[in-house]
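Here is a short set of exercises to work through with the structure open beside you. Try each task before reading its solution.

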Amino acid sequence: MYGLPILAAVGCSLLLLTLFPVGSESASCCLRYRQLRLKCKDTHHYSLQNINGSCDMRAVIFHVGQNFVCADPNRRRTKRLMACLDNKGRTRNRRHS
């Protein structure tokens, strides 16, 4: 009787973990890109993720509030948002590996 709601809750939790990487200071690893229309004024800063053993894709990690949004570094929209944040001095110069 209680098994189905618990299973659904676990499934939703796993889904959320794949959509937003977890971490206190930065995202641990982007697993896929999100296609959101982020605004420069709402985005705190960004950092870059390179390919390594556990992270198998390059990504730009935008920090929005307490959340992280993983974006494709090759998309025009991503590059525009990065340029806007660079102009405002809101870039993390540290690269995530």
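**Exercise 1. Place Ser47 in the predicted model: which element holds Ser47, and is the residue buried or exposed?**

Solution. Start with the secondary structure: Ser47 belongs to strand S1, which covers residues 45-49. Next, take the accessibility. Ser47 has a relative accessibility of 1%, and the cut-off for buried is under 20%, so Ser47 counts as buried. Now look at what the side chain does: the side chain of Ser47 forms a polar contact with the side chain of His63, at 3.2 Å. Finally, check a distance across the chain. Ser47 and Cys70 are 23 residues apart in sequence, and their C-alpha atoms are separated by 9.8 Å.

**Exercise 2. Compare Thr43 and Lys41: where does each sit, and is each buried or exposed?**

Solution. Begin with location. Thr43 is placed in the loop between helix H1 (3-19) and S1, and Lys41 is found in the loop between H1 and S1 as well. Then turn to accessibility. Thr43 has a relative accessible area of 0%, so Thr43 is buried. Lys41 reaches 62% relative accessibility; with exposed set at over 50%, Lys41 counts as exposed. For Thr43, add the polar partner: its side chain reaches the backbone oxygen of Lys39 at 2.9 Å. For Lys41, add a distance: Val64 is 23 residues away in sequence, and the two C-alpha atoms are 9.8 Å apart in space.

**Exercise 3. Describe the surroundings of Lys79: which residues does Lys79 touch, not counting residues up to four places away in sequence?**

Solution. First locate the residue: Lys79 lies in helix H2. With a relative accessible area of 47%, Lys79 is partly exposed. Leaving out residues up to four places away in sequence, Lys79 touches Pro73 and Asn74. As a last step, measure out to Val60, which is 19 residues from Lys79 along the chain: the C-alpha atoms are separated by 9.3 Å.

**Exercise 4. Characterise the largest pocket: what is its volume, and which residues are closest to its centre?**

Solution. The largest pocket has a volume of about 190 Å³. It is lined by 13 residues, and those closest to its centre are Arg34, Leu36, Ala71, Arg77 and Thr78. Now ask which elements contribute. Strand S3 (67-71) and helix H2 (76-87) each give at least two residues to the lining. H2 supplies the largest share, three residues. Sorting the lining by class gives seven nonpolar, two polar and four charged residues.

**Exercise 5. Step back to the whole chain: how many helices and strands are there, and in what pattern?**

Solution. Count the elements: the protein chain has two helices and four strands. Read along the sequence, they follow the pattern α-β-β-β-α-β. Then consider packing: 32% of the 97 residues count as buried. Among contacts with a separation of 6 or more, 56% join residues 24 or more positions apart.

**Exercise 6. Decide where to read the coordinates with caution: over which residues does pLDDT stay under 50?**

Solution. Take the overall score first: the protein chain averages a pLDDT of 77, and 64% of the residues score at least 70. Then find the weak stretch: pLDDT stays under 50 over residues 14-26. The model has 28 contacts beyond four places in sequence for residues 14-26. Where pLDDT is low, predicted coordinates should not be read in detail.

Key. Residues are numbered from 1 along each chain as its sequence is written. This is a predicted model: local features need pLDDT of at least 70, side-chain atom pairs count only at pLDDT 80 or more; totals for chains, interfaces and linings use all residues. Side-chain values use heavy atoms; hydrogens and water are left out. Buried means under 20% relative accessible area, exposed over 50%, partly exposed in between (1.4 Å probe, protein chains only). A polar contact is a pair of N or O atoms within 3.5 Å; within protein, one must be able to donate a hydrogen and the other to accept it, and residues adjacent in sequence count only if both atoms are side-chain atoms. pLDDT is the predictor's confidence in each residue, from 0 to 100. Contact means heavy atoms within 4.5 Å. On a 1 Å grid over the protein atoms alone, a cavity is a set of points where a 1.4 Å probe fits but cannot get out, and a pocket is an open set with protein on both sides within 12 Å along at least five of seven lines; lining residues have an atom within 4 Å of a point. Grid points are joined across faces, edges and corners, and a volume is the space filled by probe spheres set on the points. Ala, Val, Leu, Ile, Met, Phe, Trp, Tyr, Cys and Pro count as nonpolar, Asp, Glu, Lys and Arg as charged, and the others, Gly among them, as polar.
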